[in-house]
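Here are my notes on this one, in the order I'd go through it on screen. Have the viewer open while you read.

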Amino acid sequence: MLTPEEALELYKKRNAYLKGHFLLSSGLHSEFYLQSALVLQYPHDAWKLCSSIAEYFQNKEIDVVIAPAMGGILVSYDIARALGENVRSIFAERVDGKLTLRRGFTIGRNERVLVVEDVVTTGKSVNETLDVVRQYTDNIVGIGALVDRGGNFDPKGIDYFPLIKLKIENYEPENCPLCKQGIPLEKPGSRFIKK
């Protein structure tokens, strides 16, 4: 299993730990951004990161790993692969702004589910994914993430394992010191929010 420091080094090595002025998918602003896609494009790096999360949950008898699209798809896939040959990887995607299962994906009432994500800030996408899972089963055995940015995500009693735990300051747009300094705002993520 990678240590948090080793995992963060992979982000830095792949220039995926960015500094600037960023608009997060949560709508918050931040001086730092973690672009997991830049790390996950290297299958060897993706495997090291995801198999470390799988190792944490290996004794939970997981049947299904689910993530919100887009950022979590590769994470779900590699974690499921590391957990064993009978573990499925699925994803929830947005239809009219709401996460749902499509493409014939379903979850059995008795299946044990692990919810995963690449980067967690407020946990909005994770909570939406949990809501999708609860339409099928209450057997949620855990939540895994590559990175927790320190946005005060509360897993509400569910076993939560972020491989990397950071304490990055996030700002409401109206209170953002980076805006006040006139630093240009960038949106490098997968979901676009109009300012």
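1. A definition before anything else: axes here are lines fitted to C-alpha atoms, for helices over the stretch in contact, and angles run from 0 to 180 degrees between N-to-C directions. You'll want that for helix 5 (residues 124-134), which runs at about 165° to strand 6 (113-120). Helix 5 lies across strand 3 (64-68), strand 4, strand 5, strand 6 and strand 7. Keep in mind that this is a predicted model.

2. Overall picture. The protein chain has six helices and nine strands. Its C-alpha trace spans about 55 × 35 × 30 Å along the principal axes. The radius of gyration is 16 Å, and a compact globule with 195 residues would be near 16 Å, so the two agree. As for burial, 49% of the 195 residues count as buried. Of the contacts with a separation of 6 or more, 66% come from residues 24 or more positions apart.

3. The six-stranded sheet. In what order do the six strands of this open sheet run? The order is 5-4-3-6-7-8, with mixed pairing. Strand 5 (98-100) and strand 8 (160-165) are the edge strands, and each of them pairs on one side only. From one strand to the next, the twist averages 25°.

4. The strand 5 end. Strand 4 (residues 88-95) pairs with strand 5 in the antiparallel sense, over three bridges. If you want a residue pair to click on, Arg94 stands opposite Leu99 in strand 5.

5. Strands 6, 7 and 8. Strand 6 and strand 7 run parallel and are joined by seven bridges, with Val116 standing opposite Gly144 in strand 7. Strand 7 and strand 8 also run parallel, joined by five bridges; there, Val147 stands opposite Ile164 in strand 8. Put helix 5 back in view and you get a right-handed β-α-β unit made of strand 6, helix 5 and strand 7.

6. Is strand 7 enclosed or open to the outside? Nine of its nine residues are buried, so strand 7 is largely enclosed by the rest of the structure.

7. Helix 1, the buried side. Helix 1 (residues 4-13) lies across strand 7 (140-148) and strand 8, at about 60° to strand 8. Its buried residues include Ala7, Leu8, Leu10 and Tyr11. Why do these four share a side? Because they cover an arc of only 145° around the axis, they sit on the same side of helix 1. The general background is that an α-helix has 3.6 residues a turn, so residues three or four places apart point the same way.

8. Helix 1, cover and far face. Among the elements covering the buried residues of helix 1 are strand 1 (17-23), strand 2 (29-34), helix 2 (36-40), helix 3 (43-57), strand 7 and strand 8. The face turned away from the buried side carries Glu5 and Lys13, both exposed. After helix 1 comes Asn15, with a positive phi near 55°.

9. The three-stranded sheet. This open sheet has the order 1-2-9 and antiparallel pairing. Strand 1 and strand 9 (170-171) stand at the edges with a single partner strand each, so one side of each has no neighbour in the sheet. Strand 2 pairs with strand 9 over two bridges, and the bridge partner of His29 in strand 9 is Tyr171.

Technical notes. Residues numbered from 1 in each chain as written. Predicted model: local features only at pLDDT ≥ 70, side-chain atom pairs only at ≥ 80, totals over all residues. Heavy atoms only, no water. Pairing = 2+ DSSP bridges. Contact = heavy atoms within 4.5 Å. Buried < 20%, exposed > 50% of the residue type's maximum accessible area, 1.4 Å probe, protein only. Arc of directions from axis to C-beta. Right-handed = clockwise from strand over helix to strand, strands pointing away. Rg over C-alpha atoms; globule rule 2.2 N^0.38 Å.
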